[in-house]
Amino acid sequence: MSALKADVIIVGGGIMGASSAFFLRQRGMSVILLERGLIGQQASGVNFGNTRRMGRPIEQLPLANRARAIWLKFKELFGADVELLLNGHLRVGVTPAHEERMVKYAEDAASFGIGMQMLGAKTLHERFPYLGPDITAGCYAPHDGHANPRLAAPAIGRAAVRAGVQVFENTEMTSLEKDGADFVATTADGRTFRAPVALVTAGAWGNRISTHFGEPVPMIARAPQMCVTEPVPYAIRPTIGAMADTFEQVVYFRQVARGNIVIGGGGHEPADIESRRSYVNPARTLYKLKSAPGVMPAFEHLHIIRVWSGIEGYMDDSRPAMGPSARVPGLFYAFGFSGEGFQLGPGVGEVMAELIATGATSTPIECYHIGRFATPVANAA
């Protein structure tokens, strides 16, 4: 059986892979996308759904802004409604230290167009009267929002197919090798695929492929802990996150248009990438139920109707591996986004397509190069 050929092979069909495939086709390149399960089935489909920029590392904001421009024209580009609501993101705190951190971040990020507004206790409770009395300060980003992660990546995948991408779902890749000028991907059913360029967007499994090419990264798999309430009248416009004593948020939530409130936070659990299974720890759900009423007392009266988890790849330094390989010409990476990849996904796809097609990108991503993990080789005596 002869190998199917294209300009680029993409391994992994989450929001990064699907977006990269779509934008590569816009640049006239032929693309094969290999996905072991279904498009958007893993981390891209089970995350919280934030499309926020506020709170991201400062060096990540150019990429987040590029992604935002795509989110704003999502329906035009990809032909689907993904329940995008641009009702803002509100981060709240209960201590002077929380307020100081929010002020510092707003100052550092002021040039990136997020439009953050610091709100004192009086203004905060006037604008958002459902907040608990212990909330003393907040930072509001009026242009951020959220979308439905179960809809987004599949919508981009369908648009990629319409654009001419050859998508192979339920296709497990067993090996990826460099053979002369080409990469050759072999699948469990014996098929082979060839291309001079390979892009690895395999999420928590990306390290397996990069390690095969001599570029291991310090990444672990974690399972986010999510839950959703019964539907209630729509009242909470922004996504709301309560600060903890670390950079994490102790609890965060968003209300969808039909009334359900999605709740995240409370930490992560280990995930098993061998069995591709993740589990909800009931203690995490109970922690959120204990913490959430402190942010919004009405949570005392709500019921959780569903819980879920997924598998995400977390880097030691919380930065992804994104860009060209440091060792293998034609090999590119975009994985390890440490729980922050959903908003970035369309922007990552556009940047990777630009990088692969032209050899450069206008968005700074140098700090994400996989070469930062290389083990120094001692000089011979």
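This passage walks through a sheet, a pair of helices and two cavities in a predicted model.

Residues are numbered from 1 along each chain as its sequence is written. Because the model is predicted, local features need pLDDT of at least 70 and side-chain atom pairs count only at pLDDT 80 or more, while totals for chains, interfaces and linings use all residues; side-chain values use heavy atoms, leaving out hydrogens and water.

A good place to begin is the sheet. Four strands form an open sheet in the order β1-β10-β9-β8, with mixed pairing. Strands (E, at least two residues) and helices (H or I, at least four) are DSSP runs numbered from the N terminus, and two strands pair if DSSP finds at least two bridges between them. At the edges stand β1 (4-5) and β8 (173-179), each with a single partner strand, so one side of each has no neighbour in the sheet. Strand β1 runs parallel to β10 (residues 192-195), joined by two bridges, and L4 lies opposite F193 of β10. The pairing of β9 with β10 is antiparallel, over four bridges, with V184 partnered by R194. These two strands make a hairpin with four residues between them, and G190 in the turn has a positive phi of about 95°. On the other side of β9 (residues 182-187), β8 pairs in the antiparallel sense over six bridges; here L176 has A185 as its bridge partner.

The helices come next. Two packed helices are described by the angle and the distance between their axes. The axes of α3 (residues 61-72) and α10 (residues 341-358) come within 7 Å and cross at roughly 100°; axes are lines fitted to C-alpha atoms over the stretch in contact, with angles from 0 to 180 degrees between N-to-C directions. The two helices are therefore roughly perpendicular, a term for angles of 65 to 115 degrees. Among the residues in contact (heavy atoms within 4.5 Å) are L63, I70 and W71 in α3 and F342, L344 and V351 in α10. By class, this contact has 10 nonpolar, two polar and four charged residues.

Finally, there are two cavities of 30 Å³ or more. A cavity is a set of points on a 1 Å grid where a 1.4 Å probe fits but cannot get out, and lining residues have an atom within 4 Å of a point. The largest has a volume of about 50 Å³, and its lining includes R68, W71 and Q343. The second largest, of about 30 Å³, is lined by E83, L85, H146, N148, R254 and V256.

Key
Angles under 35 degrees count as roughly parallel, over 145 as roughly antiparallel, 65 to 115 as roughly perpendicular and the rest as oblique. Ala, Val, Leu, Ile, Met, Phe, Trp, Tyr, Cys and Pro count as nonpolar, Asp, Glu, Lys and Arg as charged, and the others, Gly among them, as polar. On a 1 Å grid over the protein atoms alone, a cavity is a set of points where a 1.4 Å probe fits but cannot get out, and a pocket is an open set with protein on both sides within 12 Å along at least five of seven lines; lining residues have an atom within 4 Å of a point. Grid points are joined across faces, edges and corners, and a volume is the space filled by probe spheres set on the points.
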